[in-house]
Every structure is written in C-alpha cells, then in structure tokens.
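This report introduces selected local features of one structure to a reader who has not met it before. The sequence and the model are shown first, and the description follows.

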Amino acid sequence: MAQSVVISGTGLYTPEHAISNEELVESFNAYVAQFNAEHADAIADGSVAPLQPSSAEFIEKASGIRSRYVLDREGILDPARMCPRLPVRGNDEPSIMCEIGLAACREALEQAGIDAGAVDGVIVACSNMQRPYPAIAVELQAALGIDGWGYDMNVACASAAFGIQTAADAVRSGSARAVLVVSPEICSGHLNFRDRDSHFIFGDAATAVLVAASDAPQPGQFEVLGTRLKTQFSNNIRNNFGFLNRSEAEMRSEADRLFVQNGRKVFKDVVPLVADLIGGHLRDLGVEPESVRRFFLHQANLGMNEYIARRVLGRDATRDDAPVILDEYANTSSAGSVIAFHRHRDDLASGDVVVLSGFGAGYSAGSVVMRRH
C-alpha cells in the first residue's frame, strides 16, 4: 500500500479561567459609565460621542458566543485596565506560548501513541506571536526534545489549515516522518476590550495536530485526502501591531494596534470565498458534499458558519453536521476548527469523510479533507 499522510493525534490546552458574557458586559458597562461621566461636558456640546452600553443578549445574537477562556481574568474585567496582565518572563524561562503549546503537544503525542523522538518538525501556526525571534517553534522543539527543525508561520485564523498542508507536504516528500502543527492562540492580547462591536469576540486556547506518515493507517487515524489553500488581500480584518509602529507618536490611535474589522464586509466577502473553496475542493476530489459526515469550520461567528455550511450542502446544517464550540470558547482564531475536530470526532465511523476549514484575515482560507480509518 502506498504511504498515506494521516492525522494520528490532536491536543488541546484550555485556560483555567473563563469569562461569561454577563461578566464581560458588567465590566464594559462600568467603563462606559465612567467614560461618559468624565466627558459629560464634551458629550453635551456634541464634540464627543457618548459610548453605548452592551448586553449579554446583544453579544449572543451577534456572534453565538456565551463565554470564553482566558489566561488572565482579572486584568480583562478591571474597568480601569481592560486587557490581560501577563507578566514578561525572563529569557531563561519558557515563553507563555511555549508553555501552553507544550501541553497541547503532549496530549497529541499521547493520543498518537508515539514519543517526541519520532517527530522531525514543529510548525507553530497562529495569528500573533509574542516575539519575532527566536521562533516559538524552535523553543517548543527544544522543550519536547525533538532532533529536527521548527519554524513559525502566520496566516491569521487560517494558520492551522495552512500548517497542516505544509506538514502534509513535508511528510509526502519524505523530508519528515511526523510534524506537529501547534496553534497557541493568546487572542485576548490583541483584542480591544473597550470596543462595543468586538470586545466579546476572542478567547485563548492552544491546539496541536500530529501529521504523520503511515504505510497502513490505523483505526481512529484520519487519512488526509487533500488540502487546498486560498488567499485574497483585504484590509477588512487588520492588526497593525509591530516593531515599526511601536511608538505612540507614530500611531494614529492606540486601537490601531489591536484587532479591527469591518464585520459586515467580512461576512459578505468571506462566506462565498470559503464555500466556493470547500465546494470546489470536494468536487475535485470526487466527494459529494452530502456525503461529508462532518464539517469542522473555523469558530468565528455562528451566522457565518451556518451560511457557509448552507452554501456547501444546499440545505441548513445541523449541529451534528457542523459542531459548534464557539459558544463556550469564543473565537480562538486558528485553534477553533481544531478544537471542534478534537472534541467532536469520537463518534465518527470508519470511512467517514470530514472537512476541517480555517478562514480569516488576509483574506485567507484553507480546506483539509480527511477520511477516518
């Protein structure tokens, strides 16, 4: 039998702390009240627009999100701060991204039943790196004791899908026996918790996917039937943080260095882009959309996922067709589709075909079609 590329294990790190919509809204509304009181005169003369309060009902209706896990609760919920407080670690300490990624990697390796010594590469694929270099992937490689290589890559919320294709290509070419694709997403660090339209979107988590070679795929493994990627430049989701614009004087505003998006335009652009990518990919593989047992879509917005699934399937998708973890985890960027796959695949039968898809800023989108053994 020809060598197959399989996903033989996945891992998930979930932070200890969670924040409900109600708790987040209480903090946000306290900030709004304080801002409006401090700027009462300017609001009265029309030179400053008053801020509007939020509600848990508004958040759930707009996104499908009910809660999120975060690395630091207190800093986010403090109305005077409203951002995580994550102390800078010394150079001789493991980075936060390495620490949470390591937990996910260990679970993926245990699930696959192999030792880190059988892994040749580590790809850290996520939206935001906590430093430019040395690469987080090389730090993870050292922490795992892997004698091989590692590098970081960023394609926003599609990063995990792009990483899986890159890992699969390395395995098919024979340059690696197995590759860990790790997505340690600390999304709370780049979110503007003072923006009513987006303060609820993101949560923190880390995932790992073990992509490996297999002459004879084992029960429970997922053979990668094909991967497909697509990018199309857009400014509708953007984050300008970087070393070239670190000076406050050089920035248009503090918010410019955080996550910003034109949500309505993103929805209008991304739904057809992703649906066409998945539909075309399945067609070229000779797979009918209705025969796909489950779609593990990027967990960004419930309405967006429902529209994408509807366009691909030609009907409304059930939660069994397209599982949702968004309500509990919120948007965890590239980790979201992997979390859905990690938590909702145990009931799949041998021969079931599934699709994992990530999509987001760039625009970027990736499709991974797999079959369970």
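Helices, as the term is used here, are DSSP runs of H or I with at least four residues, numbered from the N terminus. The structure described is a predicted model.

**Helix α3 and its surroundings**

Just after helix α3, Gly64 adopts a positive phi of about 90 degrees. The helix itself spans residues 56-63, and its buried residues are Ala56, Ile59 and Ser63. Viewed down the axis of α3, these buried residues fall within an arc of 65 degrees, so they line one face of the helix. In an α-helix there are 3.6 residues a turn, so residues three or four places apart point the same way. Glu57 and Lys61, on the other side of α3, are exposed. The cover over the buried residues of α3 includes α1 (21-38), β3, α9 and α10 (326-329).

**Strands β2 and β3**

Strand β3 (residues 67-70) is covered on both faces. Ser67 and Tyr69 are buried on one side, and Arg68 and Val70 are buried on the other. Side chains in a regular strand alternate between the two faces of the sheet. Strand β2 (residues 17-20) pairs with β3 in the antiparallel sense over four bridges, and His17 stands opposite Val70 in β3.

**Helices α8, α9 and α11**

Helices α8 (residues 263-284) and α9 (residues 302-313) pack at an angle of about 40 degrees, and their axes are 9 Å apart. Their crossing is right-handed. Among the residues that meet are Val266, Phe267 and Leu282 in α8, and Met304, Tyr307 and Arg311 in α9. The residues of this contact comprise 13 nonpolar, one polar and two charged.

In helix α11 (residues 335-343), eight of the nine residues are buried, so the helix is largely enclosed by the rest of the structure. The buried residues of α11 include Val338, Ile339 and Phe341.

**Backbone features in loops**

Two residues that are not glycines have a positive phi, as the table shows.

| Residue | Phi | Loop | Relative accessible area |
|---|---|---|---|
| Met82 | about 55 degrees | between α4 (73-77) and α5 (96-112) | 5%, buried |
| Ser333 | about 55 degrees | between α10 and α11 | 1%, buried |

A cis peptide bond joins Tyr133 and Pro134, with omega about 0 degrees; Pro134 lies in the loop between β4 (121-125) and α6 (136-144). Another cis peptide bond links Gly362 to Tyr363, with omega about -10 degrees. Tyr363 is located in the loop between β12 (353-360) and β13 (364-372).

Methods
Residues are numbered from 1 along each chain as its sequence is written. This is a predicted model: local features need pLDDT of at least 70, side-chain atom pairs count only at pLDDT 80 or more; totals for chains, interfaces and linings use all residues. Side-chain values use heavy atoms; hydrogens and water are left out. Axes are lines fitted to C-alpha atoms, for helices over the stretch in contact, and angles run from 0 to 180 degrees between N-to-C directions. Helices (H or I, at least four residues) and strands (E, at least two) are DSSP runs, numbered from the N terminus. A crossing is left-handed if the near helix is turned anticlockwise from the far one by less than a right angle, and right-handed if clockwise. Contact means heavy atoms within 4.5 Å. Ala, Val, Leu, Ile, Met, Phe, Trp, Tyr, Cys and Pro count as nonpolar, Asp, Glu, Lys and Arg as charged, and the others, Gly among them, as polar. Buried means under 20% relative accessible area, exposed over 50%, partly exposed in between (1.4 Å probe, protein chains only). Two strands pair if DSSP finds at least two bridges between them. The arc is that of the directions from the helix axis to the C-beta atoms.
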